[in-house]
Amino acid sequence: MRFHSLIFPFCVWLATCQLTQAQKSSGTNSKLKSQAIQDIQAKHDAYKKIALQIWGYAEVGYKEKESSALLQKTLADNGFKVEAGVAEIPTAFVATYGSGKPVIGILAEFDALPGLAQDSVPEKKPIAGKNAGHGCGHHLFGTASVATGIELKQLIEQKKFTGTIKVFGTPAEEGGSGKVYMVRAGLFTDVDAVIHWHPGAANAVSMGSSLSNISAKFRFTGLSAHAAASPERGRSALDGVEAMDNMVNMMREHIPSATRIHYVITSGGKAPNVVPDFAEVYYYVRHPNREVVREVFERVVKAANGAAMGTETKVEYEITGGVYEMLNNNVLADVMYKNLNTVGGVAYTAKEVEFAKKLQTSFTYTVPPVDQAAKVEPLTEDKEGMGGSTDVADVSWTVPTIGLSTATWVPGTPAHSWQAVACGGTDIGAKGMIVAAKTMALTAIDLFTTPALLQKAKDEFAKARGSNFQYTPLVGNRKPALNYRD
């Protein structure tokens with residue numbers, strides 16, 4: 001009885017101390033978060049200017065020379081040590097500030113999409129002389145991530161907390177799998193958690209999985225000849241491509257229903273009266289499970305080989321990209337969701353409402369109300385895989401990872417559209433970008449100041465990944481496909 005009588009007061013004292021410490025931590029975090037929100041908002045115009053510069057550059061994957069340089073300079077000017085050209089990628093970089101644990105990583109993308117040059121107006125108006133456009137909003141993505149990194153650096157510098165912040169400049173997300181090579185190079189080995197975001201048409205924490213993906217270019221070679229005078233002497237490389245496409249299309253009936261296969265013929269000859277001796281087709285194979293992707297892709301390869309045999313041509317293929325499906329983390333999602341609700345959504349001015357409603361008339365489907373941009377969507381988890389693929393997924397199998405989307409586009413706007421490009425060149429896009437920067441900064445503050453929270457996220461990550469997991473990139477051992485956009 002005496003032992004129990006001594007231990008009970010001790011337990012009460014310990015619990016009181018822990019509660020007091022938690023209350024102090026909560027109060028301190030609240031002040032830090034208020035400061036972060038104010039700091040980032042105060043730099044709205046400066047960050048908007050950077051984002052619009054990158055919007056104007058509109059450089060495609062692995063060719064983002066000016067975009068990457070601008071973000072690197074911004075970070076270096078703010079006290080970061082920048083290592084450029086990492087993972088054998090000229091436009092990839094890692095910017096670091098601070099020392100010791102924890103190490104929190106922020107992902108920054110900046111590549112554009114070909115064929116989407118568009119002015120910042122609510123009707124379709126391609127920009128003369130330009131090809132690419134930021135149809136996925138990566139100009140906003142990279143800028144917000146840099147803004148987050150700079151704010152966290154300032155808090156570390158002011159000794160509000162200790163640790164290391166790393167901003168990863170990650171090129172060629174659009175089909176180039178830039179982050180895969182960075183993961184393979186071990187750049188995330190010492191990182192405790194990674195935070196990212198993506199432009200979108202709503203404000204939500206990302207708890208959907210994604211589609212694993214292998215992309216490849218199949219190149220057929222044949223024999224050229226006069227298509228009318230001596231066609232028997234020719235062997236059409238284009239016939240090889242078309243035969244392959246036909247076989248793959250018939251194969252769709254006999255693959256798992258969640259599989260997605262799509263392709264474009266990137267080269268099919270130069271003149272109808274010349275039997276083409278070269279043709280190329282660019283394929284994507286996707287599925288919620290990477291092992292199914294591997295299996296289906298091998299069947300696509302067999303179709304290519306069969307097409308070459310049947311048309312008496314030759315075929316070679318090059319895997320240009322390959323990514324995993326996303327591994328979710330509920331602990332980090334809950335933290336980010338609370339912070340997104342603290343920040344709130346995007347409020348439009350009267351002029352922006354007018355822009356949004358005019359833009360929405362270009363859609364052929366029912367769209368959400370414009371004021372949906374001001375709301376935060378409920379936190380839900382989708383384990384089946386969403387419609388797209390991302391190389392963030394490979395990071396998520398390497399370190400606990402969480403992301404969100406914000407309303408940088410008018411509600412109802414699809415990604416990879418001229419409407420998304422148009423929104424990204426306006427203050428609507430910039431406002432959503434600032435919401436993302438604030439939310440990521442607040443989430444990182446929680447991770448820097450609450451070791452138990454970070455450990456809980458790591459424990460969930462380890463359990464979800466499994467003790468026997470070994471990372472094997474879908475791109476194999478190949479070097480980065482720096483010319484995949486050529």
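User: Two strands pair if DSSP finds at least two bridges between them. With that settled, what is the bridge partner of Arg-219 in strand 10?

Analyst: The partner is Glu-316. Strands here are DSSP runs of E with at least two residues, helices are runs of H or I with at least four, and both are numbered from the N terminus. Before going on: this is a predicted model, in which local features need pLDDT of at least 70 and side-chain atom pairs count only at pLDDT 80 or more, while totals for chains, interfaces and linings use all residues. Residues are numbered from 1 along each chain as its sequence is written, and side-chain values use heavy atoms, with hydrogens and water left out.

User: And which residue of strand 9 is the bridge partner of Arg-219?

Analyst: In strand 9, Arg-219 is bridged to Glu-280. Strand 7 (residues 212-221) is joined to strand 9 (residues 278-287) by 10 bridges, antiparallel. Strand 7 also pairs with strand 10, again antiparallel, over 9 bridges.

User: Why is strand 7 called largely enclosed?

Analyst: Because 8 of its 10 residues are buried. Buried means under 20% relative accessible area, exposed means over 50%, and partly exposed is in between, using a 1.4 Å probe and protein chains only.

User: Is there a record for that region? What does UniProt place at residues 214-307?

Analyst: The unreviewed UniProt entry gives "domain: Peptidase M20 dimerisation" there. UniProt positions follow the numbering used here, feature names are shortened, and annotations may be inferred rather than shown by experiment. In the model, residues 214-307 are 35% helix and 28% strand, with the end C-alpha atoms 20 Å apart.

User: Moving on to strand 3. How many of its residues are buried?

Analyst: 6 of the 6 residues in strand 3 (residues 103-108) are buried. Val-103, Gly-105 and Leu-107 lie on one side and Ile-104, Ile-106 and Ala-108 on the other, so to speak two covered faces.

User: Which way do strand 3 and strand 4 run, parallel or antiparallel?

Analyst: Parallel, with 6 bridges between strand 3 and strand 4 (residues 163-169). Gly-105 has Lys-166 as its bridge partner in strand 4. Just ahead of strand 3, a cis peptide bond joins Lys-101 and Pro-102, with omega about -5 degrees. Pro-102 sits in the loop between strand 2 (93-99) and strand 3.

User: What touches Thr-148?

Analyst: Ile-106, Ala-437, Met-440 and Ala-441 are in contact with Thr-148, leaving aside neighbours within four places in sequence. Contact means heavy atoms within 4.5 Å. Thr-148 belongs to helix 4 (residues 138-157) and is buried, at a relative accessible area of 0%.

User: Odd backbone next. What is phi of Ala-172, and what is phi of Glu-312?

Analyst: Ala-172 has phi near 50 degrees, a positive value in a residue other than glycine. For Glu-312, phi is near 55 degrees, again positive in a residue other than glycine.

User: Is Ala-172 buried or exposed? And Glu-312, buried or exposed?

Analyst: Ala-172 counts as buried because its relative accessibility is 0%. Glu-312 counts as exposed because its relative accessibility is 55%. Ala-172 is in the loop between strand 4 and helix 5 (178-184), and Glu-312 is in the loop between helix 7 (290-311) and strand 10 (314-323).

User: Last stop, the tail. Which residues does Arg-485 touch?

Analyst: Val-60, Gly-61, Lys-63, Leu-113, Pro-114 and Glu-174, not counting residues up to four places away in sequence. Arg-485 lies in the segment after helix 13 (451-465) and is partly exposed at 24% relative accessibility. Arg-485 and Gly-61 are 424 residues apart in sequence, yet their C-alpha atoms are 6.8 Å apart in space.

User: How far apart in space are Ala-407 and Gly-234?

Analyst: 54 Å, C-alpha to C-alpha, with their positions 173 residues apart in sequence. Ala-407 is in strand 11 (residues 401-407) and is buried, with a relative accessible area of 0%. Beyond neighbours within four places in sequence, its contacts include Gly-200, Asn-203, Val-346 and Ile-428.
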